[in-house]
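Trainee: I would like to learn how to read sheets, helix contacts and ring pairs in a model. Please take me through them one by one.

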Amino acid sequence: MSKMDAERLDIKKTLSSLTVEEKLRMLTGDGMWHTFGAGELPRVRMSDGPNGLRMTDGNGASAVPSTCFPTQSMLANSWDSALLYDVGAAIGEEATALGVNLLLAPGLNIKRTPFGGRNFEYYSEDPFLSGTLGKAFVSGVQSTGVGTCIKHFAANNCESYRMYSDSVVDERALRELYLRPFELALGAEPAAVMCAYNKLNGTYCSENEYLLKTILRDEWNYSGVTLSDWGAVRDRARSLKAGLDLEMPYSYEVFGEKLRAAFNKGEITEKDVDDALRRIIELVDNVYLEPYGDYDADSHDRLCYNAAVNSAVLLKNENGFLPLTKNMKVVVFGELAVSAPVQGGGSSHVTALKTLSALDAFNLRSVEVKYCRGYSSDPKENVAAYEEALNAAVSADAVIVFAGVVAPTEGVDRHTLSLPPEQENLINGLTNAGHRVVVVLSSAGPVLMPWINRVRSALYSGLNGQAGALAAVDILYGRINPRGRLAETFPIDTDFVDEKNSSRILYRESLFVGYKYYDAIERRTLFPFGHGLSFSDISYDSLSVKRGDDPLTYEATVTLTNNSVRDAYETVQIYVSDRTGRVLRPRKQLAGYFKTFVEGMTTTQVTIRLDRRAFEFWDNDLHAFRACDGEYKIIAASSAEDIKKEVSVKVDGDYRDHTDYPAVYKMPLHGNISDDDFKSLYGGDFPRPRKSPVKGEFTLDCCLDDIKKTLIGKIMVSAIKKRAKSVAPKGSIDHEAFLSFSLYTPLASVVGTSDGEMRANTARGIIEIANGKLFKGIRLLLKKK
Ligand code: BGC
């Protein structure tokens, strides 16, 4: 859908018609979801999100139901850009129908560790996979005329203390890993880029000129809008100066006065303001449309099913135990068969158009199974549930345990990768009794599986959207030949470099994230990156590599044979391994992939193009990408640990030197990377960790946790804790999310994001009182506006 010339705005004229006050006002949003519409200028309507349209007026779940697609973390298992394009286009269609002009998605952060609380909103641990899928999604959404906003720029990899935490990342890891997905997705020209909450190397991303100007504008030539994550701005004038065009949501109440003062003092100039506004008006011009058209919910549901089928991963299938047949006596265990989460919580949560449990799905496909609860999280009930389960399983041909962990939610990191003990206990009990156990796993990412050797089969069904249960049942019974591949490593244990719950997180592992880490420490994983089984047997017959037309580009051609009668899909992965030894490098890196259909008993060829970046590293001295001169291996694989063919090539690189690195980073890598080791890689002193402010130093940038030792702080914290209990039971993830938002969000951001629940003067009053200025504080609390 493109706009007629007559509908285009005259940007110059619009800008010159605005008063200074209007211009300053336009630098922040209008309410939770709109840009400010000065004069006749329409307001752009924004909405989350990554796995469906979250159409809400306030800050809660969506009020208008929409198709709930698999989460980003699941969609990534499809390794299928065309599918991502289609999902994007479908969400775009739903957005146009509801008058949403800018979709706040996709999330392009790297899954640095499996503990990341928002990993379900991100694609992968690998930057190439994340970026190429993200680009396809952006193209799909924008094909409908709706803009996308890629997020969270940058290095936003954990939730604990998320509004203050500082990601300390060395330049190579930043360029090669954390920025790469953004750089790739910019190829599809997303309408906007959202800055992250956290700091990067000591500076808030909302005020980070290096990110917002040097990299985004000067190097990458990006001309769209930069906008803040909701409540991420700490000082509006400073963020504008650093390159942040639009602050979201409305918070003129907090920053308006200071912004005006900064303007009057010349700290920000009219040119700074106009530059930002030109891009905001251009955004309005490009994406604003009244609600338009309709969409076919049934066809979106079918797409959802297709997406789920492509995203579920068959992890294990001993001796071809799956597929099951309808004449088998099957017992199904687990409450998750009755109701399993299909998405995560927080800003990405949508009200699904449809819900379908696994039991419904068995029914729909006319498969008769016996259901038994099997376990209970209440220890008293669990004893009886367990006994009942073992009795129910007697004489079954197969038992299916629906296992998993609670749905993740924004704001809370995972604390454990283990399944709840009652579930492990059931799986152990059933296998010990000799039953043929199939586990269907619902989780936001990896779980540890000490029982894996004893079960016959395991299917990762993750958070697979409104049609996820049907896809799982169709795989179990062979209606579908499984085809998903893990977009992240499933580790055997949690022995990896990680620092959680800290206000300053040193990314000591540098480039070695995910499969690159396991390659570097030379340890096997539970299930490697890229792993996924089908019911067919595919062999890799040959790999040939030829130089492309441009220097440093190659074409890798793989010949595959499907040795089974059954049609299948295979995801060919091409990794590149730098053998020159000139610089520190991961053992291998994903450089290309393609998911192809292979008809039963036929042979097919797949050609994958590798661009120069497949060979390059970031040279910290030259501040540019360069390629080492020498030998590389091009590897065709069906997972990071299942290498099928290799070919050596000699690359004429422009880097002929040798860079030395701290000994601890030499291969094999050891887990204990000290501060000093990392410092020499980082290339200087680390930024100081945040110091907890004391009485007299409190500002609106402080959170309730900062003032918890003052009297008003104690009162507020205890009120919040009381309220948290009424929001959700203590110990639940929603309870924790509520506490984490309420206690660790700067008060200025609470004002902006609480949708009017806390006013600016209330926040100012609390801070004054905490600083010991009782009367001033009370006066502010009593002020109406
Ligand atoms: C999230 C963003 C989201 C925004 C608006 C924030 O809390 O971090 O991802 O787009 O809210 O809902």
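**Reading the sheets and contacts**

Mentor: Start with an open sheet of three strands, in the order 16-17-20, with antiparallel pairing. Its edge strands are strand 16 and strand 20 (603–610), each pairing on one side only. Averaged over this sheet, neighbouring strands are turned by 20° against each other, direction ignored. Be aware that this is a predicted model, where local features need pLDDT of at least 70, side-chain atom pairs count only at pLDDT 80 or more, and totals for chains, interfaces and linings use all residues. Residues are numbered from 1 along each chain as its sequence is written, and side-chain values use heavy atoms, with hydrogens and water left out.

Trainee: How are strands and pairing defined?

Mentor: Strands of a sheet pair through backbone hydrogen bonds, either parallel or antiparallel. Here two strands pair if DSSP finds at least two bridges between them. Helices (H or I, at least four residues) and strands (E, at least two) are DSSP runs, numbered from the N terminus.

Trainee: How many bridges join strand 16 to strand 17?

Mentor: Nine, between strand 16 (residues 538–547) and strand 17 (residues 554–562), which run antiparallel. Follow the register: Ile 538 has Asn 562 of strand 17 as its bridge partner, and Val 545 has Ala 556. The two strands form a hairpin with six residues between them. In the turn, Leu 552 has a positive phi of about 65°.

Trainee: Which strands lie at the edges of the four-stranded sheet?

Mentor: That open sheet has the order 7-6-4-15, with mixed pairing. Strand 7 (203–204) and strand 15 (504–506) are its edges, each pairing on one side only. Two bridges link strand 6 (residues 199–200) to strand 7 in the antiparallel sense. Leu 200 stands opposite Thr 203 of strand 7.

Trainee: Now helices. How do I read a crossing?

Mentor: Fit axes as lines to C-alpha atoms, for helices over the stretch in contact; angles run from 0 to 180 degrees between N-to-C directions. Angles under 35 degrees count as roughly parallel, over 145 as roughly antiparallel, 65 to 115 as roughly perpendicular and the rest as oblique. Take helix 12 (residues 297–311) and helix 16 (residues 468–476): their axes come within 8 Å and cross at roughly 50°. That makes helix 12 oblique to helix 16. Their crossing is right-handed (the near helix is turned clockwise from the far one by less than a right angle; anticlockwise would be left-handed).

Trainee: Which residues make the contact of helix 12 with helix 16?

Mentor: Contact means heavy atoms within 4.5 Å. Helix 12 supplies Tyr 305, Ala 308 and Val 309; helix 16 supplies Gly 468, Leu 470, Ala 471, Asp 474 and Ile 475. By class, six are nonpolar, one is polar and one is charged. Ala, Val, Leu, Ile, Met, Phe, Trp, Tyr, Cys and Pro count as nonpolar, Asp, Glu, Lys and Arg as charged, and the others, Gly among them, as polar.

Trainee: What about helix 6 and helix 8?

Mentor: The axes of helix 6 (residues 171–178) and helix 8 (residues 209–219) come within 15 Å and cross at roughly 55°. These helices are therefore oblique to each other. Helix 6 passes helix 8 in a right-handed crossing. Glu 171, Leu 174 and Arg 175 of helix 6 meet Tyr 210, Ile 215 and Glu 219 of helix 8. This contact has three nonpolar, no polar and three charged residues.

Trainee: How many aromatic pairs does the structure hold?

Mentor: It holds 23. Rings of Phe, Tyr and Trp (its six-membered ring) pair if their centres lie within 6.5 Å; planes under 30 degrees apart count as stacked, over 60 as edge-to-face and the rest as tilted. Phe 128 and Tyr 593 have ring centres 5.9 Å apart and planes at 80°, so the pair is edge-to-face. Phe 128 lies in helix 5 (residues 127–142) and Tyr 593 in strand 19 (residues 589–598), so distant parts of the chain, 465 residues apart, are linked by the pair.
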